[in-house]
Amino acid sequence: MELAKDGPADQDGSSGGGLALAVPPPPGSTAVTPAAPSRRAAWRVGGSWVLTRTLLILLVTGVLKIAPMDVTTDVSVIYHGWYQVLQTGTFPMDDVTWQYPPGAALVILAPGLLPWSYLTSFFVLCGLFDTLAMGMLLRSGLRRGRSLAGAWIWVIGVPLLGPTVYCRYDILVTAMAVTGLLVILRRPVLGGILLGVGGLMKLWPLLGLAGTPRGRRTRRSWTSAVAAVAALSFLLAAGMNGAFQFLTFQADRGVEVESLGALPLHFAKMFGGWHGAVTMNYGSVEFLGPWVPVISKLAVGATLAGFAWLLYWRLRARRWQPSTTYDAALAALLIFTVTSRVISPQYLVWLVGLAAVCLTVRGTSQRPVAVLVLVATVLTTLEFPMNFGQVVNSMPWGVTVLASRNLTLLAATLLSCRRLWRSTQGPAPAAAVERAALPEEPEQTYPVRPGIAYEQSLLDDIQRG
């Protein structure tokens, strides 16, 4: 058995500064591209998904309980109430708990198309979109050079949120964002449309466009996303009243008790240094009173600074790899999450979804970030619903769990940005490596008849242009 020099860092079987045993490549692999994962591995992932979702359904239906709080009331009371209003052809304009872009109406109305009760139909939709995301991650992970680690992240991460994950519509939006990201390199128009529609439901899926490769893919994906947002916004605004009323509600929000910015207020309240109010405000439990306006402005400033860094990174990035688009999307979402005035528990399913997308690529820079996301997901369930009362009342154990979760997310954000930056610096890869790294857009093939092919190419150019 001969000895070979190490391969690039972060690849299996190699590490800097040593020697690695040269092992014959698996069937179907090359010196550049590892073989696709085996079908047996895919069956293990699928079987584990069935087991974890069975457990999740038992939690959602109340057969198993991890906390006395009933989280299904958001669906059976709030969502169903919005559904009844939306059926009349208007958005809930006088309900300040409606904090969502107009595309959310499609999600709220969708359970009414199914024959069961609103609550049961909503659970069914969550299960279907969960299955869609699982299928897309498996499909991507089974391609040559890819990994099933992303599918495993989805299998493990979603149930870690407990019953909350099926009692909010965020899993539907996450599945759409996962699908859009996984197709955007090969089908930039379709990927842009999916991310655009998802963005009109929850805004954040548009962050998936932050790392698209420069050139044609960016132009096509960004244009299709804008077109999808514009077209659907026009249809919803024309067909229903108050499509953008939610924007006026956002301006008057306080600081939500679970956010990173709430930590100073929690500690000040614990030691008797803060005497404001903790109350239900605009659909969530928020701090109102001294220091709140300052913290809100700092949060907005931090968001702007984070997005300015993303723009600077994009302008300075010199090397694009298959994972770059996905890694940038996760970094952008982490920035958006930790600088927000609200970090609701369901936000973690967004991060789990994008971490899963990143790990479908073997060369991703975000592996340690994905681990931190899973840790934050566990801490989130400990915070809500298990100890939410202690968080609201700024009790020591509740604040400790919340601080651990938020500081973990902050660490994940800083690490994600640092690793994204480092992965895109240095000399650009050779042309051959670059072609292998980024999948080409599929091109239409024509019969070998030059006249017909030429005329068809002209028609294609007209249709594109």
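Here are four short exercises with worked solutions on the structure above.

This is a predicted model, where local features need pLDDT of at least 70, side-chain atom pairs count only at pLDDT 80 or more, and totals for chains, interfaces and linings use all residues. Residues are numbered from 1 along each chain as its sequence is written, and side-chain values use heavy atoms, with hydrogens and water left out.

**Exercise 1: salt bridges**

Find how many salt bridges a search of the whole structure gives, and work out where the partners of arginine 168 and lysine 202 sit.

*Solution.* Start with the criterion: a side-chain nitrogen of Lys or Arg within 4 Å of a carboxyl oxygen of Asp or Glu. Run over the whole structure, the search returns four salt bridges.

Take arginine 168, whose side chain meets that of aspartate 74 at 3.4 Å, N to O. This pair ties together distant parts of the chain, 94 residues apart: arginine 168 is in the loop between α5 (149-160) and α6 (170-183), and aspartate 74 is in helix α2. Helices here are DSSP runs (H or I, at least four residues), as are strands (E, at least two), numbered from the N terminus. Now check the cover, using relative accessible area: buried is under 20%, exposed is over 50%, and partly exposed lies in between (1.4 Å probe, protein chains only). Arginine 168 is buried because its value is 7%, while aspartate 74 has 22%, so it counts as partly exposed.

Next, lysine 202 and aspartate 170 form a salt bridge of 3.3 Å, N to O. Here lysine 202 belongs to helix α7 (residues 188-202) and aspartate 170 to helix α6, 32 residues apart. Both lysine 202 and aspartate 170 are buried.

**Exercise 2: around threonine 380**

Decide whether threonine 380 is buried or exposed, then find which residues it contacts.

*Solution.* Threonine 380 sits in helix α14. With a relative accessible area of 0%, threonine 380 is therefore buried. Leave out neighbours within four places in sequence, and the contacts (heavy atoms within 4.5 Å) are Leu161, Pro345, Leu348 and Arg405.

Follow Arg405 one step further. Arginine 405 makes a salt bridge with glutamate 383, with 3.9 Å between the closest N and O atoms. That bridge links helix α16 (residues 396-423), home of arginine 405, to helix α14 (residues 367-386), home of glutamate 383, 22 residues apart. Arginine 405 and glutamate 383 are both buried.

**Exercise 3: arginine 314**

Identify which side chain makes a polar contact with arginine 314.

*Solution.* First place the residue: arginine 314 is in helix α11 (residues 292-316). Its relative accessible area is 12%, so arginine 314 is buried. Then look for N or O atoms within 3.5 Å, one able to donate a hydrogen and the other to accept it; residues adjacent in sequence count only if both atoms are side-chain atoms. The side chain of threonine 218 fits, at 2.9 Å from that of arginine 314. Beyond four places in sequence, arginine 314 also touches other residues, including Trp222 and Trp320.

**Exercise 4: a hairpin**

Work out in which sense β4 and β5 pair.

*Solution.* Two strands pair if DSSP finds at least two bridges between them. Strands β4 (residues 277-281) and β5 (residues 284-288) have five bridges, in the antiparallel sense. Within this pairing, valine 278 is opposite phenylalanine 287 in β5. Finish at the turn: two residues separate the strands of the hairpin, and tyrosine 282 there has a positive phi of about 55°.
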